[in-house]
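User: Please take a close look at the packing in one part of this model, and set out the details in a single connected answer.

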Amino acid sequence: MNITVNAKAHEVSARTVEDALRELGFTSPSVATALNGKFVARNRRGDTDLREGDQLEVLAPMQGG
Amino acid sequence: MKIYGHEITSRLLLGTAQYPSPAVLGAAIRESGSEIITVSLRRETADGTGAGFWDQLRDLGCRILPNTAGCHSVQEAVTTAHMARDLFDTPWIKLEVIGHCDTLQPDVFALVEAARTLADDGFQVFPYTTDDLVVGEKLLEAGCEVLMPWGAPIGSGQGLRNPDGLRAMRAHFPDVPLIVDAGIGRPSDATQAMELGMDAVLLNTAVAKAGDPTGMAKAMALAVEAGRAGFAADPMERRDMAVPSTPVLGLAALS
């Protein structure tokens with residue numbers, strides 16, 4: 001399945017957000033996720049299915065003002 | 001000072017961006033005495049850059065105020081706020097909804113809408129706003145318990161462009177915590193804000209881009225403290241004409 005993660009194209013075998021994070025190496029617990037512009041809570045990643053063409057955002061703490 | 005029920009001792013809030021190094025960032029935060037620091041959310045890399053930064057922040061022991069910097073719509077800001085709450089485990093959110101790319105001034109209409117949505121969902125919102133009194137009233141009605149008027153455009157270091165507007169906010173909202181957010185460039189700007197009766201100052205670039213960020217963090221802390229003490233001591237009224245401070249009575253006739 002082809003999805004976009006943080007603006008980069010990826011081909012993944014994962015079927016859920018949680019599996020995609022693991023497959024793509026986002027192993028840190030310090031990330032937040034949104035799928036197609038909608039927030040996906042940490043405890044919902046395992047039952048949030050991916051579809052062809054989905055856009056996944058994986059955000060982390062960064063410096064800010 | 002109490003914000004959303006939390007007693008805060010330091011009236012200086014500090015941003016974490018643009019420092020020359022993580023070590024300087026840590027030193028500046030410690031020297032500032034700030035208890036509240038702002039952070040953002042950005043795209044993570046597979047090597048875990050954000051996790052390292054988060055580890056450093058936790059070691060500093062400050063309260064985290066995540067922001068929605070860079071958001072230009074209600075949906076972007078609300079989604080970012082939810083992601084921040086999930087990540088930082090705090091209901092606090094510094095709500096920025098930018099309306100203009102050049103000035104980075106807030107879109108106050110979208111700001112009020114986003115604030116209401118988030119407050120209804122249990123967030124404790126710190127809205128980055130202008131010094132407009134009506135907008136302030138709308139934000140309070142939306143559920144905000146603190147207002148953060150700008151002093152000048154973000155990162156400009158221009159100081160307070162409209163002190164009268166801030167003075168009016170203080171008079172109009174006597175019991176609402178007011179935090180000047182953005183535009184502070186020098187310690188004297190921070191002092192001026194505090195002398196006007198603001199409850200606190202939030203700044204970032206003025207410290208991060210100083211030649212000596214750690215030294216400037218200390219200077220800002222002192223400036224905020226001096227301004228607050230000056231406000232509390234009730235400054236004298238300005239006069240148009242000179243008035244001798246040394247008694248005229250008893251002056252010798254020497255000519």
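Analyst: Contact here means heavy atoms within 4.5 Å, and helices (H or I, at least four residues) and strands (E, at least two) are DSSP runs numbered from the N terminus. The model is a predicted one, in which local features need pLDDT of at least 70 and side-chain atom pairs count only at pLDDT 80 or more, while totals for chains, interfaces and linings use all residues. Residues are numbered from 1 along each chain as its sequence is written, chains are lettered from A and ligands numbered from 1 in the order in which they are written, and side-chain values use heavy atoms, with hydrogens and water left out.

In chain B, the helix α4(B), residues 108–120, is a good place to begin, and its partner α5(B) covers residues 133–141. B:V108, B:L111, B:V112 and B:A115 on the α4(B) side meet B:V135, B:K138 and B:L139 on the α5(B) side. Sorted by class, this contact of α4(B) with α5(B) holds six nonpolar residues, no polar ones and one charged (Ala, Val, Leu, Ile, Met, Phe, Trp, Tyr, Cys and Pro count as nonpolar, Asp, Glu, Lys and Arg as charged, and the others, Gly among them, as polar). The axes of α4(B) and α5(B) come within 9 Å and cross at roughly 15°, which makes α4(B) roughly parallel to α5(B). Axes are lines fitted to C-alpha atoms, for helices over the stretch in contact, with angles running from 0 to 180 degrees between N-to-C directions; angles under 35 degrees count as roughly parallel, over 145 as roughly antiparallel, 65 to 115 as roughly perpendicular and the rest as oblique. The crossing of α4(B) and α5(B) is right-handed, meaning that the near helix is turned clockwise from the far one by less than a right angle, whereas an anticlockwise turn would be left-handed.

The helix α4(B) also packs with α3(B), residues 74–88, at an angle of about 35° and with the two axes 9 Å apart. The crossing of α3(B) with α4(B) is right-handed, and the contact brings B:V74, B:V78, B:A81 and B:H82 of α3(B) together with B:A110, B:E113, B:A114, B:T117 and B:L118 of α4(B). By class, the residues in the contact of α3(B) with α4(B) are six nonpolar, two polar and one charged.

Strand β5 of chain B, residues 63–66, contains B:P66, which counts as buried because its relative accessibility is 0% (buried means under 20% relative accessible area, exposed over 50%, partly exposed in between, with a 1.4 Å probe and protein chains only). Leaving aside neighbours within four places in sequence, B:P66 is in contact with B:V39, B:A84, B:F88, B:T90, B:W92, B:I93 and B:K94. Of these partners, B:I93 lies 27 residues from B:P66 along the chain, with a C-alpha separation of 5.4 Å.

A further helix pair in chain B is formed by α7(B), residues 187–195, and α9(B), residues 213–232, which pack at an angle of about 25° with their axes 7 Å apart. The helices α7(B) and α9(B) are therefore roughly parallel to each other, and their crossing is right-handed. B:P187, B:A190, B:T191, B:M194 and B:E195 of α7(B) make the contact with B:M216, B:A219, B:M220, B:A223, B:V224, B:G227, B:R228 and B:F231 of α9(B). The contact of α7(B) with α9(B) has nine nonpolar, two polar and two charged residues. Within α7(B), the buried residues are B:D189, B:A190, B:T191, B:A193 and B:M194, and they pack against β9 (179–181), β10 (200–203) and α9 of chain B. Just after α7(B), B:G197 has a positive phi of about 100°.

There remain the cysteines of chain B, B:C71 and B:C101. With a disulfide taken as a pair of cysteine sulfur atoms within 2.5 Å, the count over all chains is zero. The sulfur of B:C71 has its closest cysteine sulfur in B:C101, at 13 Å, which is too far for a bond. B:C71 counts as buried, because its relative accessibility is 6%, whereas B:C101, at 62% relative accessibility, counts as exposed.
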